[in-house]
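Got a two-chain model and want to know how the copies sit together? Let's go through it as a short dialogue.

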There are 2 protein chains.
Amino acid sequence: MKIAVLGTGTVGRTVAGALAERGHDVVVGTRDPESTVARTEADGMGNPPFAQWQAGHAAVALASYADAAAQSELVINATSGAGSLAALEAAGAANLDGKILVDIANPLDFSQGMPPSLNPVNSDSLGEQIQRAFPAVKVVKTLNTMNAHLMVDPGSVADGDHSVFVSGNDADAKRAVTELLGSLGHTDVIDLGDITTARGSEMLLPIWLRLWGALGTPAFNFKIAR
Amino acid sequence: MKIAVLGTGTVGRTVAGALAERGHDVVVGTRDPESTVARTEADGMGNPPFAQWQAGHAAVALASYADAAAQSELVINATSGAGSLAALEAAGAANLDGKILVDIANPLDFSQGMPPSLNPVNSDSLGEQIQRAFPAVKVVKTLNTMNAHLMVDPGSVADGDHSVFVSGNDADAKRAVTELLGSLGHTDVIDLGDITTARGSEMLLPIWLRLWGALGTPAFNFKIAR
């Protein structure tokens, strides 16, 4: 499948690399491709420059948000939550309408110090904000409840015996995303319901962050025991 | 141990009954014991009148919030979240100070319709509100992330292979509560950190409520796979 992954950080790179390895035709979308490839310093998270990463992932293309979305059948939002709506505006409704948009971002708000809080939260969610801003897009919220490495290699923790959630208004889109998740190794995909249920999965982040601290590793995931 | 369970609803009854069965000296606290025993109708949740429940649990006493707290070494807040601070005010700081207060309530807000939202949320929690209101009490947040039946019979789901969280500022209090949880059958007790981490466990409620809908049963729990 032709897939655009919007976002050049850890999450975007990890997902893009894994999907390319599985034979998908992957393009990473960024605000300004020229400035992205021109960077020679590690980013704020300590990731090596994108050009260095791309040298090891020659099958992954780089394009503007708009060009990446335009040439793809399915779009993955892997931008930081605070910048997601702006990135999707740059991608453009015309390039997104009718497509599945897999939203794997979290609306983390670092403005009040650490640990970050969520904004929006409780009575709204990033997934819903995106769906409202792009009513003709089939938004499916998923994968936002785990570390990037686990997103693409669930078997690396507890032999993959844990859960991933999908939220969205379009049943066919959720079925397609569930199939994609299965191809990545996810065996327990739980359909929470419509896009308003993204509030639930996004609100896992605060305990996820505390568990990271308590366990000393991000190599864990939620399993719904039943 | 002498234990007060504040709250006469499903959660209070379930926890009080289970602790009495394990040999603890249990008193249920209520706002007005006379009116509680005088009720002959099922409550809003369909629970039989308290007197009918108590007839089958003769070892469990009933007292006012203040009397229940005064005569106990450990107090469990099993009131509804919206009424917890008022109930604890009625119990009285003098009857609570220096004791462990196990807060198993959730600040569910039904005022905006269903599903309920949380209030407070994100940058505060009920656990923290209680700790601030009663600074000399050792508040430990726990058990609020599962159905009442599972609280006292964790083995009834997935052979007990799931997790429970503790949050609190006092390490000794968390150790004592962890021991109590173990006596109920909980095998994976995760210490999230200080009482501010109660934000994380309380914010599990929205996805818990959606999972209840999606799975069609409250007989499930979060396990932290690692």
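What follows is a chat about the symmetry and the interface of this model.

Q: Before we start, what should I keep in mind?
A: The model is predicted, so to speak with cut-offs: local features need pLDDT of at least 70, side-chain atom pairs count only at pLDDT 80 or more, and totals for chains, interfaces and linings use all residues. Residues are numbered from 1 along each chain as its sequence is written, while chains are lettered from A and ligands numbered from 1 in the order in which they are written.

Q: How do I read the turn that lays chain A on chain B?
A: Two copies of a chain are related by a rotation about an axis and a shift along it. Here a turn of 180° with a shift of 0.0 Å along the axis puts chain A on chain B at an RMSD of 0.0 Å (least-squares superposition on C-alpha atoms of residues with pLDDT of at least 70 in both). The two copies are therefore related as by a two-fold rotation axis.

Q: Which residue of chain A comes closest to the rotation axis?
A: Lys223(A), with its C-alpha at 2.5 Å.

Q: How many residues of chain A are in contact with chain B?
A: Contact means C-beta atoms, placed from the backbone, within 7 Å. By that rule, 35 residues of chain A meet 35 of chain B. The largest share of chain A's side, 7 residues, comes from α11(A) (helices are DSSP H or I runs of at least four residues, strands E runs of at least two, numbered from the N terminus).

Q: In what sense do β11(A) and β11(B) pair?
A: Pairing takes at least two DSSP bridges between strands. These two pair in the antiparallel sense over 5 bridges, and Asn221(A) has Ala225(B) as its bridge partner.

Key. Two residues are in contact if their C-beta atoms, placed from the backbone, lie within 7 Å.
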